[in-house]
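Colleague: I'm still learning to read models like this one, so could you walk me through it in a friendly way? I'd like an overview and then a close look at one part.

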Amino acid sequence: PLRSAAVGPLLSGSSGRSRRDAAAHPVPPRSPQALCSQPGRPKDYALPNASWSRDMLDLYDRFLAMTKEGLWKRIPSYNNVLDHIPGKALRGLPSRDTRLFLRSIEAEGVGFEYVMFLNSSEKRVVCLFQPGSYLEGHPGFAHGGSIATIIDSTIGSCAIFVAGRVMTANLSINYMSPVPLGSVVLVDSKVDKVEGRKVFLSCKVQSVDGGTLHAEATALFIQLDATKSQKQQASCQ
(Lines give C-alpha, C1' and ligand atoms only; values in the text may rest on other atoms or scores of the structure.)
Protein backbone atom coordinates (compact mmCIF):
# COMPACT_ATOMS: atom_id res chain seq x y z
CA PRO A 1 0.00 0.00 0.00
CA LEU A 2 2.88 2.39 0.68
CA ARG A 3 5.67 3.08 -1.76
CA SER A 4 8.52 1.43 0.15
CA ALA A 5 8.79 -2.30 0.70
CA ALA A 6 10.49 -1.53 4.01
CA VAL A 7 7.29 -0.01 5.38
CA GLY A 8 4.78 -2.38 3.78
CA PRO A 9 5.06 -5.10 6.46
CA LEU A 10 4.23 -2.54 9.14
CA LEU A 11 0.71 -2.16 7.82
CA SER A 12 -0.05 -5.86 7.69
CA GLY A 13 1.47 -6.30 11.14
CA SER A 14 -0.82 -3.88 12.95
CA SER A 15 -2.44 -4.88 16.18
CA GLY A 16 -5.88 -5.39 14.62
CA ARG A 17 -7.74 -3.65 17.43
CA SER A 18 -10.47 -1.23 16.46
CA ARG A 19 -9.67 2.47 16.34
CA ARG A 20 -12.26 3.23 19.01
CA ASP A 21 -10.82 0.56 21.33
CA ALA A 22 -7.29 1.88 20.83
CA ALA A 23 -8.36 5.45 21.59
CA ALA A 24 -10.40 4.47 24.65
CA HIS A 25 -7.63 2.39 26.23
CA PRO A 26 -4.36 4.26 25.74
CA VAL A 27 -1.20 2.36 26.54
CA PRO A 28 1.52 4.05 28.61
CA PRO A 29 5.00 4.29 27.12
CA ARG A 30 7.33 1.40 27.78
CA SER A 31 10.15 3.44 29.23
CA PRO A 32 9.75 6.44 31.56
CA GLN A 33 13.06 7.76 30.26
CA ALA A 34 11.47 8.21 26.84
CA LEU A 35 9.35 11.07 28.23
CA CYS A 36 12.34 13.09 29.37
CA SER A 37 14.37 15.44 27.24
CA GLN A 38 18.03 15.85 27.96
CA PRO A 39 18.84 18.52 30.59
CA GLY A 40 19.31 21.95 29.08
CA ARG A 41 17.58 21.02 25.82
CA PRO A 42 14.00 21.82 24.71
CA LYS A 43 11.36 19.16 25.23
CA ASP A 44 11.09 16.69 22.38
CA TYR A 45 7.37 16.15 21.72
CA ALA A 46 7.95 13.33 19.22
CA LEU A 47 8.34 10.78 22.00
CA PRO A 48 5.69 8.40 23.37
CA ASN A 49 3.31 9.67 26.03
CA ALA A 50 0.38 8.15 27.91
CA SER A 51 -2.15 9.25 25.25
CA TRP A 52 -0.62 7.15 22.47
CA SER A 53 -2.76 4.17 21.47
CA ARG A 54 -1.43 0.66 20.98
CA ASP A 55 -1.38 1.16 17.20
CA MET A 56 0.65 4.35 17.61
CA LEU A 57 3.12 2.69 19.96
CA ASP A 58 3.49 -0.41 17.79
CA LEU A 59 4.22 1.62 14.66
CA TYR A 60 6.62 3.85 16.58
CA ASP A 61 8.53 0.81 17.85
CA ARG A 62 8.74 -0.70 14.37
CA PHE A 63 10.02 2.49 12.76
CA LEU A 64 12.43 2.98 15.65
CA ALA A 65 13.78 -0.52 15.02
CA MET A 66 14.38 0.41 11.38
CA THR A 67 16.46 3.41 12.45
CA LYS A 68 19.04 0.95 13.76
CA GLU A 69 19.53 -0.27 10.19
CA GLY A 70 20.54 3.25 9.18
CA LEU A 71 17.88 3.84 6.51
CA TRP A 72 15.43 5.77 8.70
CA LYS A 73 15.96 8.55 11.22
CA ARG A 74 13.48 9.84 13.79
CA ILE A 75 12.96 13.61 13.54
CA PRO A 76 12.77 15.37 16.93
CA SER A 77 9.91 17.85 17.32
CA TYR A 78 9.93 20.94 19.52
CA ASN A 79 7.45 23.73 20.19
CA ASN A 80 9.69 26.37 18.59
CA VAL A 81 9.97 26.24 14.82
CA LEU A 82 13.66 27.21 14.99
CA ASP A 83 14.34 23.99 16.91
CA HIS A 84 11.82 21.85 15.05
CA ILE A 85 14.00 20.65 12.20
CA PRO A 86 17.56 19.70 13.20
CA GLY A 87 20.55 20.82 11.17
CA LYS A 88 21.32 24.07 9.40
CA ALA A 89 18.09 24.56 7.44
CA LEU A 90 16.57 27.16 9.78
CA ARG A 91 19.69 28.60 11.37
CA GLY A 92 20.30 32.31 11.07
CA LEU A 93 16.71 33.30 11.82
CA PRO A 94 16.21 35.56 14.86
CA SER A 95 14.91 33.96 18.06
CA ARG A 96 11.33 35.02 18.87
CA ASP A 97 8.68 34.24 21.46
CA THR A 98 6.58 32.11 19.12
CA ARG A 99 5.32 28.55 19.06
CA LEU A 100 4.97 25.97 16.31
CA PHE A 101 1.28 25.68 15.40
CA LEU A 102 1.17 21.89 15.72
CA ARG A 103 2.69 22.08 19.23
CA SER A 104 0.51 24.93 20.51
CA ILE A 105 -1.64 22.64 22.71
CA GLU A 106 0.28 21.60 25.81
CA ALA A 107 -2.10 18.85 27.02
CA GLU A 108 -1.27 15.37 25.79
CA GLY A 109 -3.60 13.52 23.45
CA VAL A 110 -6.07 16.29 22.57
CA GLY A 111 -4.24 17.94 19.67
CA PHE A 112 -1.64 16.81 17.17
CA GLU A 113 0.09 13.66 18.40
CA TYR A 114 2.68 12.76 15.78
CA VAL A 115 6.21 11.67 15.07
CA MET A 116 8.09 11.82 11.77
CA PHE A 117 10.76 9.55 10.32
CA LEU A 118 13.12 10.51 7.50
CA ASN A 119 14.55 8.23 4.82
CA SER A 120 17.10 10.49 3.17
CA SER A 121 18.11 7.98 0.47
CA GLU A 122 14.50 7.82 -0.75
CA LYS A 123 13.90 11.56 -0.13
CA ARG A 124 10.91 10.57 1.94
CA VAL A 125 9.30 11.46 5.27
CA VAL A 126 6.63 9.33 6.95
CA CYS A 127 4.53 10.76 9.79
CA LEU A 128 2.61 8.66 12.34
CA PHE A 129 -0.37 10.82 13.28
CA GLN A 130 -3.03 10.41 15.98
CA PRO A 131 -5.57 13.28 15.94
CA GLY A 132 -6.97 14.30 19.33
CA SER A 133 -10.40 15.50 20.41
CA TYR A 134 -9.58 19.23 19.98
CA LEU A 135 -9.14 18.67 16.24
CA GLU A 136 -12.77 17.69 15.64
CA GLY A 137 -14.65 18.85 12.57
CA HIS A 138 -17.66 16.67 11.77
CA PRO A 139 -18.61 14.89 15.03
CA GLY A 140 -16.19 12.06 15.67
CA PHE A 141 -13.80 12.96 12.86
CA ALA A 142 -10.72 15.14 12.44
CA HIS A 143 -11.29 18.55 10.82
CA GLY A 144 -10.13 18.72 7.21
CA GLY A 145 -7.90 21.64 8.14
CA SER A 146 -6.02 19.50 10.65
CA ILE A 147 -5.42 16.89 7.96
CA ALA A 148 -4.15 19.63 5.65
CA THR A 149 -1.87 20.87 8.43
CA ILE A 150 -0.25 17.50 9.08
CA ILE A 151 0.15 16.94 5.32
CA ASP A 152 1.76 20.36 4.86
CA SER A 153 4.08 19.80 7.81
CA THR A 154 5.13 16.33 6.66
CA ILE A 155 5.70 17.38 3.06
CA GLY A 156 7.42 20.55 4.27
CA SER A 157 9.81 18.56 6.44
CA CYS A 158 10.65 16.42 3.43
CA ALA A 159 11.31 19.51 1.31
CA ILE A 160 13.48 21.07 4.02
CA PHE A 161 15.80 18.09 4.14
CA VAL A 162 16.21 18.23 0.36
CA ALA A 163 16.41 21.98 -0.27
CA GLY A 164 16.97 23.70 3.09
CA ARG A 165 14.78 26.72 3.83
CA VAL A 166 11.56 26.51 1.81
CA MET A 167 8.04 27.88 1.78
CA THR A 168 4.79 26.36 0.49
CA ALA A 169 3.77 27.70 -2.92
CA ASN A 170 0.94 25.27 -3.66
CA LEU A 171 -0.79 22.45 -1.80
CA SER A 172 -3.57 20.45 -3.50
CA ILE A 173 -5.47 17.83 -1.46
CA ASN A 174 -8.09 15.27 -2.45
CA TYR A 175 -10.02 14.02 0.59
CA MET A 176 -11.17 10.41 0.16
CA SER A 177 -12.35 9.26 3.59
CA PRO A 178 -12.65 11.10 6.94
CA VAL A 179 -10.15 10.32 9.69
CA PRO A 180 -11.73 9.22 13.01
CA LEU A 181 -10.52 11.04 16.11
CA GLY A 182 -8.08 8.90 18.10
CA SER A 183 -7.23 6.69 15.13
CA VAL A 184 -3.71 6.40 13.74
CA VAL A 185 -2.82 7.19 10.13
CA LEU A 186 0.40 7.20 8.16
CA VAL A 187 1.21 10.38 6.25
CA ASP A 188 3.69 9.26 3.60
CA SER A 189 5.46 11.99 1.60
CA LYS A 190 8.23 11.96 -0.98
CA VAL A 191 10.06 14.29 -3.34
CA ASP A 192 9.03 13.69 -6.95
CA LYS A 193 11.42 16.09 -8.66
CA VAL A 194 13.49 19.23 -8.17
CA GLU A 195 13.69 21.95 -10.82
CA GLY A 196 15.99 24.76 -9.78
CA ARG A 197 14.46 26.26 -6.62
CA LYS A 198 11.18 24.37 -7.14
CA VAL A 199 10.58 21.17 -5.14
CA PHE A 200 7.65 19.01 -6.24
CA LEU A 201 6.29 16.48 -3.74
CA SER A 202 3.41 14.07 -3.27
CA CYS A 203 1.76 12.52 -0.23
CA LYS A 204 -0.77 9.88 0.83
CA VAL A 205 -2.65 9.55 4.11
CA GLN A 206 -3.53 5.93 4.83
CA SER A 207 -4.94 3.84 7.65
CA VAL A 208 -2.59 1.67 9.68
CA ASP A 209 -3.71 -1.50 7.88
CA GLY A 210 -3.31 0.15 4.49
CA GLY A 211 -6.91 -0.58 3.58
CA THR A 212 -8.19 3.00 3.59
CA LEU A 213 -6.84 5.91 1.61
CA HIS A 214 -7.96 8.97 3.56
CA ALA A 215 -6.35 11.66 1.40
CA GLU A 216 -3.72 12.28 -1.22
CA ALA A 217 -1.91 15.48 -2.07
CA THR A 218 0.61 17.15 -4.31
CA ALA A 219 2.67 20.18 -3.38
CA LEU A 220 5.13 22.71 -4.68
CA PHE A 221 7.70 24.26 -2.35
CA ILE A 222 10.10 27.05 -3.23
CA GLN A 223 13.64 27.15 -1.94
CA LEU A 224 14.27 30.54 -0.37
CA ASP A 225 16.80 32.86 -1.96
CA ALA A 226 19.62 33.52 0.50
CA THR A 227 20.17 36.97 -1.01
CA LYS A 228 16.68 38.20 -0.10
CA SER A 229 15.02 38.75 3.25
CA GLN A 230 12.25 36.40 4.40
CA LYS A 231 9.72 39.27 4.15
CA GLN A 232 10.73 40.04 0.56
CA GLN A 233 10.36 36.41 -0.49
CA ALA A 234 7.00 35.97 1.22
CA SER A 235 5.64 39.03 -0.61
CA CYS A 236 6.75 37.57 -3.95
CA GLN A 237 4.89 34.28 -3.56
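Which pattern does the protein follow when it is read along the sequence? After that, please take a close look at strand E5: which strands does E5 pair with?

Modeller: Happy to help! This is a predicted model, in which local features need pLDDT of at least 70 and side-chain atom pairs count only at pLDDT 80 or more, while totals for chains, interfaces and linings use all residues. Residues are numbered from 1 along each chain as its sequence is written, and side-chain values use heavy atoms, with hydrogens and water left out.

Your pattern is α-α-α-β-α-β-β-α-β-β-β-β-α. It comes from six helices and seven strands; both are DSSP runs numbered from the N terminus, helices being H or I with at least four residues and strands E with at least two. Of the protein's 237 residues, 46% count as buried. Here buried means under 20% relative accessible area, exposed means over 50%, and partly exposed lies in between, using a 1.4 Å probe and protein chains only. Among contacts (heavy atoms within 4.5 Å) between residues at least 6 apart in sequence, 65% join residues at least 24 apart.

Now for E5, which spans residues 185-195. Two strands pair if DSSP finds at least two bridges between them. E5 pairs with E3 in the antiparallel sense over six bridges. E5 also pairs with E6 (residues 198-207), again in the antiparallel sense, over 10 bridges. Ser189 is a handy place to see both pairings: Val125 stands opposite Ser189 in E5, and the bridge partner of Ser189 in E6 is Cys203. E5 and E6 form a hairpin with two residues between them. In that turn, Gly196 has a positive phi of about 60°.

The side chains here are worth a look too. A salt bridge is a side-chain nitrogen of Lys or Arg within 4 Å of a carboxyl oxygen of Asp or Glu. Side chains of opposite charge can pair when their charged atoms come close. By this rule the whole count is seven. One of them joins Asp192 to Lys190, with the closest N and O atoms 2.3 Å apart. Asp192 is partly exposed at 38% relative accessible area, and Lys190 is partly exposed at 23%. Asp188, meanwhile, is linked with Glu122 and Arg124 in a network of salt bridges.

Lys193 has a ring for company. A charge sits over a ring if NZ of Lys or CZ of Arg is within 6 Å of the ring centre and within 35 degrees of the ring normal. Lys193 lies over the face of Phe200, at 4.9 Å from the ring centre. Elsewhere, Arg103 lies over the face of Tyr114 at 3.8 Å.

Next, follow the pairing across to E3, which covers residues 124-131 and holds Phe129. Rings of Phe, Tyr and Trp (its six-membered ring) pair if their centres lie within 6.5 Å; planes under 30 degrees apart count as stacked, over 60 as edge-to-face and the rest as tilted. The whole structure has six aromatic pairs. In one of them, the rings of Phe112 and Phe129 have centres 5.8 Å apart and planes at 25°, so they are stacked. Phe112 lies in strand E2 (residues 112-119) and Phe129 in E3, so their pair ties together parts 17 residues apart in sequence. Phe112 is buried at 9% relative accessible area, and Phe129 is buried at 0%.

Finally, back to Cys203, the bridge partner of Ser189. A disulfide is a covalent bond between the sulfur atoms of two cysteines. The rule used here asks for a pair of cysteine sulfur atoms within 2.5 Å, and the count comes to zero. For Cys127, the nearest cysteine sulfur is that of Cys203, 8.8 Å away. Cys127 is buried, at 0% relative accessibility. For Cys158, the nearest cysteine sulfur is also that of Cys203, 9.1 Å away. Cys158 is buried as well, at 1%.

To find your way around, start at Ser189, with Val125 opposite and Cys203 as its bridge partner in E6.
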